[in-house]
Amino acid sequence: MIKYKKIRGHNRILKDIEDWKNYNKDLDLEYLDKAKRNYCKFWVSPFCDIAVLGSEIPTPKGKIRSKIIESFIEIYDAWDAKLKTLNKPYHLVLWLFENNLERSQVVCAIDGLLDFYKISFYRPKSQKEIPLQNFGKLSEKLSEFNWIYAHEEGYFTEEDVKFEMEMVDDGEVSDILKWYKQKRKTSYRTFTNEEGVITYYQKLGNIWIGSKNGCE
């Protein structure tokens, strides 16, 4: 049974989110010109902390969840306004992780890396509409975006299986093989590269890739 860490100090967390948002709204164009890409991750404790002592940190809920999403929207809009001053094409999207909100990001890219983030996630041919009804008062703001449905995935290759088997004692090999056999069965898609190495993918959750002005 998974034990979830109890979240305390909601007012402090809301203030920390506000501070995080205000700091990240200012896109550094000088850095962007050098790196050709930039991103904004969610860094507010306890949601960015590493779980210890067998406990898991729960995904944000209620006012905190709404505050995080609203903050990402404001960061996106602030970056959008600044990128427009460049007077050239740019890629700007909001990655909204439905099942792991704390992993959401705003990312942007220009020039030679314009397409850098466009292959970050698997986009099913059968697209779905974002369930705006699940976002309460934020549904109107989110409806201003164009959304692409994508998958958050975990994966492993046959090479990973071989490597792990070489690293364990002989008595553990059968357990490793059994675990990977089950994982192969639950993989919903595979990919074989030119060398014949197979990659197995498991779906972990939904990601919504949001953009305005056709920057997806």
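**Figure 1. The largest pocket holds about 390 Å³ of space.** This close-up, like those that follow, comes from a predicted model. Strand S4 (90-97) and strand S6 (146-157) are the elements that each give two or more residues to the lining of this pocket. In total, 21 residues line the largest pocket, and if you would like to find its centre, look for Phe97, Arg103, Gln105, Phe121 and Glu152, which lie nearest to that point. Strand S6 provides the largest share of the lining, with 4 residues. Sorted by class, the lining has 11 nonpolar, 4 polar and 6 charged residues.

**Figure 2. The second largest pocket has a volume of about 180 Å³.** Its lining is made up of Tyr23, Asn24, Asp26, Leu27, Asp28, Asn38, Tyr39 and Trp79. Helix H1 (10-24) and strand S2 (37-41) each contribute at least two of the lining residues. By class, the lining of the second largest pocket comprises 4 nonpolar, 2 polar and 2 charged residues.

**Figure 3. Phenylalanine 145 and tryptophan 147 form an aromatic pair.** Across the whole structure, 12 aromatic pairs are found. In the pair shown here, the ring centres are 5.2 Å apart and the planes stand at 35 degrees, so the pair counts as tilted. Phenylalanine 145 is buried, with a relative accessible area of 4%. Tryptophan 147 is buried too, at a relative accessible area of 16%.

**Figure 4. Phenylalanine 156 and tyrosine 200 make a stacked pair.** Their ring centres are 5.2 Å apart, and the pair is called stacked because the planes meet at 20 degrees, where stacked requires under 30 degrees. This pair links distant parts of the chain: phenylalanine 156 belongs to strand S6 and tyrosine 200 to strand S8 (residues 198-211), with their positions 44 residues apart in numbering. Phenylalanine 156 and tyrosine 200 are both buried.

**Figure 5. Five aromatic residues join in a cluster.** The members to pick out are Trp95, Phe97, Phe116, Tyr117 and Phe121, linked through ring pairs. Two of these names may be familiar from Figure 1: Phe97 and Phe121 are among the residues nearest the centre of the largest pocket.

**Figure 6. Arginine 189 lies over the face of tyrosine 122 and over the face of tyrosine 201.** For tyrosine 122, arginine 189 is placed at 3.9 Å from the ring centre. For tyrosine 201, the distance from arginine 189 to the ring centre is likewise 3.9 Å.

Terms used
Residues numbered from 1 in each chain as written. Predicted model: local features only at pLDDT ≥ 70, side-chain atom pairs only at ≥ 80, totals over all residues. Heavy atoms only, no water. 1 Å grid on protein atoms, 1.4 Å probe; cavity = no way out; pocket = protein on both sides within 12 Å on 5 of 7 lines; lining within 4 Å. Points joined across faces, edges and corners; volume = space filled by probe spheres on them. Nonpolar A, V, L, I, M, F, W, Y, C, P; charged D, E, K, R; others polar. Phe/Tyr/Trp six-rings, centres within 6.5 Å; stacked < 30°, edge-to-face > 60°. Buried < 20%, exposed > 50% of the residue type's maximum accessible area, 1.4 Å probe, protein only. Lys NZ or Arg CZ within 6 Å of the ring centre and 35° of its normal.
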